[in-house]
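Hi,

Here is the structure I promised to send over. Have a look at it first, and then read on for what turned up when I went through it.

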Amino acid sequence: MTAEASAPTPAFSPWRLNVAPCMDWTDRHCRLLHRQITRHTRVYSEMVTTGALLFGDVPRHLDFNEEEHPVALQLGGSEPEDLAKAARLGAQWGYDEINLNCGCPSERVQRGAFGACLMAEPALVRDCVAAMRAAVDLPVTVKHRIGIDQEESYDFVRDFVGTVAEGGCEVFIVHARNAWLQGLSPKENREIPPLRYEHVYRLKRDFPQLTIVLNGGVKTHEEIAAHLAQVDGVMLGRQPYHEPWTMADWDALFFNDPGRQGLSREAVEAHMVAYMDRHIARGGAWPQVARHMLGLWNGTPGARKWRQVWSDHSLKATSPAEVAARASAARGGVSAARSPVSA
Ligand SMILES: Cc1cc2nc3c(=O)[nH]c(=O)nc-3n(C[C@H](O)[C@H](O)[C@H](O)COP(=O)(O)O)c2cc1C
C-alpha cells in the first residue's frame, strides 16, 4: 500500500463536497475521471427511473467502477414500492447512497409525476423515503429545489423538509432556486429562477440535526468555503464538468488531505487512456470516455488544439495511446500515455 493510499480518512461530513447528478454527463466514465482528480468528493449517478430499473437492462444502468466510491445512485420515481425495489437493486450493486430526485423540472419527468413536481406532495415523498429506508441499509437522501412555480415563501421548503425528514431522510441536497414547471426548459430552469442561498442557510439553522447540502451556481473555492461556513456540504454540477481541474485542489483545501498535491493533468490523462483500453476490450469506444475530459486542459496553452484531437471522431479506430500522443503534441506537451501514472 502506498503512503497516499493509507492516508487517514478525514473526519468531515461524507457530503462535504459533491459532484451533482447530471443526465448524459455523470456516467461511470465521467465519475471515474472525477475520481482521479479528487479522492474524497462524493459523486452521483445520472438519474435512473424506477421503470428503467424494474423493466430494463439493470447492469447497463447500474454497473460502475470500484474506484468510484463513494458513489450515490439517483433514482427518479414516485411509487414507494417501486422505489424500494429499485433502491434494493442499488444496494445489491454496491452503491453507497440512494438519492431521490425531487428537483428535475423536465416535462417528460413531470408526465411521470416525479422530479420537482413531487415537492407539492411532501407526504408522498416521506412515504417513498420510508419505503426505501425499510428496504436498504444505506443513507436515503433527497435532492430538491427551494420551491416550485411562484411559491417563494421559505415556509414551503421548510415544511417539505420537515415532512420528508419524518420518513427517515437525514440528508437534503437543496438546489437553491425554484423550479418553474411551465414555460421554461430544464436548461433555463437552471439559470433563470433566482438563487436564494439564504433559504438553504435557514434550513440548516432550523434543522441543525439534518445534513444540509447547498447546490446551484457555485464555481470558485472561495464560494465553496463561504457556503461551508453555513451548511454541511456543497454540490457542484456544471463547473466541475466543464473544468474538471477545478477539483484538483479540493482534497487539500476542503478535506485536509494534501496527498494528491503532486497530481498532474498528464497523469490523469494517462490513467484515462489506460481505462479507455479496458473499455474498448469490453466492446466500447474511446469517444464515450473522452467526451467527459475535453475540459481537462482548459486554461492552459494549447488546450483548444488538444481538445480538437480528442473530439475528432474520425480517429475512432486509432488507439487511445496514439490519440493521446497526437493530442499532447498538438498542445505542445509530452505524450500523456508515456507519463508516469499516479495511483
Ligand atoms: C446536463 C445536466 C443534466 C442534469 N441532470 C440532472 C439529473 O439527472 N438529476 C438531478 O437531480 N439534477 C440534474 N441536473 C441538475 C444538477 O444536478 C444541478 O442541480 C444543477 O446543474 C445546479 O448546479 P450547478 O449550478 O452547480 O450546475 C442536471 C444538470 C445538467 C447541467
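Let me start with a pair of helices. The axes of α12 (residues 265–281) and α15 (residues 320–331) come within 9 Å and cross at roughly 150°. Since angles over 145 degrees count as roughly antiparallel, that makes α12 roughly antiparallel to α15. On the α12 side the contact is made by Glu-269, Val-273, Met-276 and Asp-277, which meet Pro-320, Ala-321 and Ala-324 of α15. By class, the residues of this contact divide into five nonpolar, two charged and no polar. Do keep in mind that this is a predicted model.

Next, the overall annotation. An unreviewed UniProt entry gives "domain: DUS-like FMN-binding" for residues 19–320. Over that stretch the chain is 41% helix and 14% strand, and its end C-alpha atoms sit 26 Å apart.

Now the ligand. There are 23 residues around the ligand, and Ala-20, Cys-22, Met-47, Gly-237 and Arg-238 come nearest. Two elements, β2 (42–49) and α10 (238–242), each supply at least two residues of this shell. Sorted by class, the shell has nine nonpolar, nine polar and five charged residues.

The same unreviewed entry type also comes with a "binding site" feature: UniProt places it at Gln-74, Lys-143, His-175, Asn-215, Gly-216, Gly-217, Gly-237 and Arg-238. I looked at two of these in detail.

- His-175 is found in strand β6 (residues 171–175). With 27 other C-beta atoms within 10 Å, where 20 or more is the cut-off, His-175 is buried. Leaving out residues up to four places away in sequence, His-175 touches Gly-103, Lys-143, Arg-145, Asn-215 and Gly-216.
- Gly-216 lies in the loop between β7 (211–215) and α9 (221–228). Gly-216 also counts as buried, because it has 23 C-beta neighbours inside 10 Å. Not counting neighbours within four places in sequence, Gly-216 is in contact with His-175, Ala-176, Arg-177 and Leu-195.

Which residue does UniProt give as the "active site"? The annotation, again from an unreviewed entry, covers Cys-104. Cys-104 lies in the loop between β4 (97–102) and α5 (107–111). Is Cys-104 buried or exposed? It is buried, because 26 other C-beta atoms lie within 10 Å. Beyond residues up to four places away in sequence, Cys-104 touches Met-47, Gly-76, Val-109, Gly-115 and Ala-116. Met-47 is also one of the residues that come nearest to the ligand.

Helix α1 is worth a look too. Nine of its ten residues are buried, so α1 is largely enclosed by the rest of the structure. The buried ones are His-29, Cys-30, Arg-31, Leu-32, Leu-33, His-34, Arg-35, Gln-36 and Ile-37. They pack against β1, β2, β3, α10, α12 and α13 (287–290).

Another buried spot is Val-231, in the loop between α9 and β8 (233–236). Val-231 counts as buried because 22 other C-beta atoms lie within 10 Å. Apart from neighbours within four places in sequence, Val-231 is in contact with Val-200, Tyr-201, Lys-204, Ile-212, Val-213 and Leu-214. Val-231 and Ala-123 are 108 residues apart in sequence, and their C-alpha atoms are 25 Å apart in space.

Finally, a few backbone details to check when you open the model:

- The peptide bond from His-69 to Pro-70 is cis, with omega near -5°. Pro-70 is found in the loop between α3 (58–62) and β3 (71–76).
- Asp-24 is not a glycine, yet it has a positive phi of about 75°. Asp-24 has its place in the loop between β1 (17–19) and α1 (28–37). With 8 C-beta neighbours inside 10 Å, Asp-24 counts as exposed.
- Asp-149, although not a glycine, has a positive phi of about 50°. Its place is in the loop between β5 (140–145) and α7 (154–165). Asp-149 counts as partly exposed, with 17 C-beta neighbours inside 10 Å.

Cheers

Technical notes
Residues numbered from 1 in each chain as written. Predicted model: local features only at pLDDT ≥ 70, side-chain atom pairs only at ≥ 80, totals over all residues. UniProt positions renumbered as here; feature names shortened; annotations may be inferred. Helix = DSSP H or I, 4+ residues; strand = E, 2+ residues; numbered from the N terminus. Buried ≥ 20, exposed ≤ 12 C-beta atoms within 10 Å, placed from the backbone. Contact = placed C-beta atoms within 7 Å. Axes fitted to C-alpha atoms, helices over the stretch in contact; angles between N-to-C directions. Parallel < 35°, antiparallel > 145°, perpendicular 65-115°, else oblique. Nonpolar A, V, L, I, M, F, W, Y, C, P; charged D, E, K, R; others polar. Near = placed C-beta within 6 Å.
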